Amino acid sequence: MKSPQTLRQIQRWLRQCDGGCSCPGEGGHQDCSVGLSGEAVEKKTILPSRLVDVRVPRLCITAGRRGQYTALSHRWGGKSPLTTTRTNLDDHKQRIPAQKLPKTFRDAIELTRRLGIRYIWIDSLCIVQDDAGDWAAESKQMGTIYERSYLTIAATSSVDGDGGLFQDTAVHDHVKFPCGSGPGHMYFTNYYPPSEIPMVDMELGPLNTRGWVFQERLLSRRILHFMPAQLYWECLGGIVSQSGLPSDCDAIRHWHRSLELSLRDIRGSLATTHVHPAHPLQLDNTDSGQGFKHDLGHLHFHRAWEQALCYYSTRALTFPSDRLVALQGVMERLQKRTGFGCVLGHWSDSALCFIKSLAWAVAGPLYAYASPASPGPPSPAPSWSWL
């Protein structure tokens, strides 16, 4: 840990979120214990099949036990981090040599230990990487793993496993200047360098340009983002920075004018919108009617989904064929919540909604440096699907 103050701040955020109370810059936390599917997540949940025991790093087989764990969201980068394979699986069950762990893994294990949590889930260690059957089975559980994690630790500013969570970078103070006055009051606004506007620097972090991470972030109930200048706490109650400065959703929309909602707004809308499958959108054919007869829940849901796709479709994937599986966990939970059918990323709750969703078009990238997918197998989806 960088400092005892940092650990205390993280513990404070966890207590506030656990207690359902509000804090400056955030809303209530009543929904933070509820997954995207609408089901409550118990504090001591069923553990993933494998976890890393942080006391003496080793791979544990949980055999359906209950407890708490953290999950690491990280970028593999140009080189593969330490992985579990069929060759070293038995060795990792005995001990994982600390000197072989990349810095990001060591930092995340140490943070989990300091928070008093016994286990952490790290994809490259908890999935047998050269076993196609194990990878297929465990990758289907990734949505559940991030949704049930007590805390997701995001190495948001690291390009690979060597970057670590805690980085030594100069912190630039924001500048406060007067912007108006009223009876007995002077009002001030803040100015930051563009790369350090609260939340914008987080959104532009290397981790958040990756396709797989979109699902991890959307399904995690609370996330701790590590940036060079400060930490960010993200949950359904809001986003708050370590400095206490409010996050600025309008600044995000400034980077991409077509976006109407921030990613946190989208997650909140998808998680809390009530829809009625028995009452789909339909044309209003009455003499006085114009447009649609509809349940507002449907409109909110489809608007949020369209905005989610604006974010997701700009993320980079190493293999284009992963476009569907990297979003599968989100779609399965929304299907469970709404009862809607989903066909290759298009919701089929009504013919009208399905036809409308076919009118997608390619727009500019959300971020100027969003990298394209590496050469590989083409997407198996038909041309009418945005996939």
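**Figure 1. The salt bridge between E147 and R333 in the predicted model.** In this predicted model, the side chains of E147 and R333 meet in a salt bridge with an N to O distance of 3.0 Å. The pair links distant parts of the chain, since E147 belongs to helix α6 (residues 142–148) and R333 to helix α12, with their positions 186 residues apart in sequence. E147 has a relative accessible area of 6%, and because the cut-off for a buried residue is under 20%, E147 counts as buried. R333, at 9% relative accessibility, is likewise classed as buried.

**Figure 2. Surroundings of the buried residue R221.** R221 lies in the loop between α8 (211–219) and β10 (222–226). Although R221 is buried, it has no salt bridge, and the nearest side chain of opposite charge, that of D18, is 6.7 Å away. The side chain of R221 instead reaches backbone oxygens, that of E147 at 2.8 Å and that of S149 at 3.1 Å. E147 thus appears in this view through its backbone oxygen, whereas the salt bridge with R333 involves the E147 side chain.

**Figure 3. T70 and its contacts.** T70 is found in strand β5, which covers residues 69–73. With a relative accessible area of 0%, T70 is buried. The side chains of T70 and T112 are joined by a polar contact of 2.8 Å. When neighbours within four places in sequence are left aside, the residues in contact with T70 are T112, I117, Y119, I120, W121, S149, L151 and I153. One of these residues, S149, also offers its backbone oxygen to the side chain of R221.

**Figure 4. The salt bridge between K336 and E39.** The side chains of K336 and E39 meet in a salt bridge at 2.6 Å, N to O. The two residues are 297 residues apart and link distant parts of the chain, K336 lying in helix α12 (residues 328–338) and E39 in the loop between α1 (4–19) and β1 (45–46). K336 counts as exposed, with a relative accessibility of 52%, while E39 is partly exposed, with a relative accessible area of 42%. Helix α12 also holds R333, which is buried.

**Figure 5. The salt bridge between E234 and R217, and a network of charged residues.** A salt bridge of 3.1 Å, N to O, joins the side chains of E234 and R217. E234 is located in strand β11 (residues 231–235) and R217 in helix α8, so that the pair, 17 residues apart, links distant parts of the chain. Both E234 and R217 are buried. Elsewhere, D18, K43 and R222 are joined into one network by salt bridges that share partners. The structure holds 14 salt bridges.

**Figure 6. A nonpolar surface patch, with the protein as a whole.** V343, L358 and W384 form a nonpolar patch on the surface, and together they have about 230 Å² of accessible area. V343 is placed in strand β15 (residues 342–343) and counts as partly exposed at 36% relative accessibility. The protein exposes about 18,200 Å², of which carbon and sulfur atoms supply 54%. Its secondary structure comprises 13 helices and 16 strands, and 49% of the 387 residues count as buried. Among contacts between residues at least 6 apart in sequence, 70% join residues at least 24 apart.

Technical notes: Residues are numbered from 1 along each chain as its sequence is written. This is a predicted model: local features need pLDDT of at least 70, side-chain atom pairs count only at pLDDT 80 or more; totals for chains, interfaces and linings use all residues. Side-chain values use heavy atoms; hydrogens and water are left out. Helices (H or I, at least four residues) and strands (E, at least two) are DSSP runs, numbered from the N terminus. Buried means under 20% relative accessible area, exposed over 50%, partly exposed in between (1.4 Å probe, protein chains only). Contact means heavy atoms within 4.5 Å. Accessible areas come from the Shrake-Rupley method with a 1.4 Å probe; for residues, only the protein chains shown count as cover. A polar contact is a pair of N or O atoms within 3.5 Å; within protein, one must be able to donate a hydrogen and the other to accept it, and residues adjacent in sequence count only if both atoms are side-chain atoms. Lys and Arg count as positive and Asp and Glu as negative; His and the chain ends are not counted. A salt bridge is a side-chain nitrogen of Lys or Arg within 4 Å of a carboxyl oxygen of Asp or Glu. Patches are made of residues with over 30% relative accessible area and no salt bridge: like charges are joined within 9 Å, nonpolar side chains (Val, Leu, Ile, Met, Phe, Trp, Tyr) within 5 Å.
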